[in-house]
Amino acid sequence: MTWRVEHLAEGVTVYCGDARDIVPSLGQFEAIITDPPYGIGFAAQPTKWQRRAGQKAEAWDDLTVTGLADILKHGERQVCWSGNYYSLPPSRGWLAWVKPDAPPSMASLELAWTNQNRNARQITHSIGATNAERVGHPTQKPLAVICWTLEQAGNPATVLDPFMGSGTTGVACVRSGAAFCGIEIEPKYFDLACRRIADELRRPRLFSERPVAPVQEALL
Ligand SMILES: C[S@@+](CC[C@H](N)C(=O)[O-])C[C@H]1O[C@@H](n2cnc3c(N)ncnc32)[C@H](O)[C@@H]1O
């Protein structure tokens with residue numbers, strides 16, 4: 001059980017390895033914001049645009065991960081995109097990403113389970129805009145949706161994403177000023193995430209982009 005670790009900046013650390021091995025050594029975070037494998041074989045059937053971009057069939061999404069509940073315990077606030085594919089406790093605080101321009105072959109919304117006792121919320125964000133952001137991960141989430149997710153989680157100061165894929169949560173954390181720890185098992189996605197997060201760290205900032213106050217409702 002070995003893993004690789006990169007410290008990309010103060011408070012920004014990423015690991016390449018199995019989250020189930022690494023998370024027990026990491027302690028507690030204010031929030032876990034994550035997007036684990038869906039277990040529906042999505043990556044095994046690349047879409048037409050993915051095949052054109054050189055995407056090959058991959059097996060990592062053929063099964064859901066075991067031990068998710070133990071991983072989520074490391075976050076006080078927990079948000080799990082694709083939580084509808086897992087046996088998680090009943091919750092009223094679901095989040096939804098609505099895709100107004102989704103073609104009939106695609107889901108018109110995606111769901112995130114949260115452990116928060118609050119009203120369910122939704123964001124509408126174009127799938128066309130999402131495609132324009134793609135960096136080569138088959139289930140990359142749009143940055144706007146993950147930035148919104150951080151707000152919905154009360155703008156946490158420390159965030160863990162144990163299934164970071166191409167590093168979208170890391171980019172959103174750098175943008176919001178949160179300390180970030182990410183884990184990805186697949187080396188090619190890990191390298192992609194490192195590049196994306198490092199690019200975001202290099203982006204000039206004229207002022208802190210960290211939101212001033214947490215969303216009151218998220219603290220209920
Ligand atoms: C749904 S994708 C995350 C996509 C991400 N939200 C993004 O925007 O790019 C899930 C990721 O979890 C990774 N993964 C699967 N099993 C893992 C494990 N045991 N530990 C760490 N990462 C794992 C997969 O390689 C995949 O990149």
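1. Helix H7, a DSSP run (H or I, at least four residues) numbered from the N terminus, covers residues 187–202. Its 16 residues should span 22 Å at 1.5 Å a residue, and because its end C-alpha atoms are 22 Å apart, the expectation and the model agree; the expected span is 1.5 Å times one less than the number of residues.

2. This is a predicted model, in which local features need pLDDT of at least 70 and side-chain atom pairs count only at pLDDT 80 or more, while totals for chains, interfaces and linings use all residues. Residues are numbered from 1 along each chain as its sequence is written, and side-chain values use heavy atoms, with hydrogens and water left out.

3. The buried residues of H7 (under 20% relative accessible area, 1.4 Å probe, protein chains only) include Tyr189, Phe190, Leu192 and Arg196. These buried residues of H7 pack, with heavy atoms within 4.5 Å, against strands S1 (4–9), S2 (12–16) and S9 (179–184) and helix H6 (168–176); a strand is a DSSP run of E, at least two residues.

4. Which residues are closest to the ligand? They are Asp35, His137, Ser166, Thr168 and Glu184, among 24 residues that surround the ligand, each with a heavy atom within 4 Å of it.

5. An oxygen atom of the ligand is 2.8 Å from an N or O atom in the side chain of His137, and a nitrogen atom of the ligand is 3.0 Å from an N or O atom in the side chain of Asp18.

6. Trp81 lies in strand S4 (residues 75–81) and is buried, with a relative accessible area of 1%. The C-alpha atoms of Trp81 and Trp113 are separated by 6.3 Å, although the two residues are 32 residues apart along the chain.

Notes:
A polar contact is a pair of N or O atoms within 3.5 Å; within protein, one must be able to donate a hydrogen and the other to accept it, and residues adjacent in sequence count only if both atoms are side-chain atoms. Buried means under 20% relative accessible area, exposed over 50%, partly exposed in between (1.4 Å probe, protein chains only).
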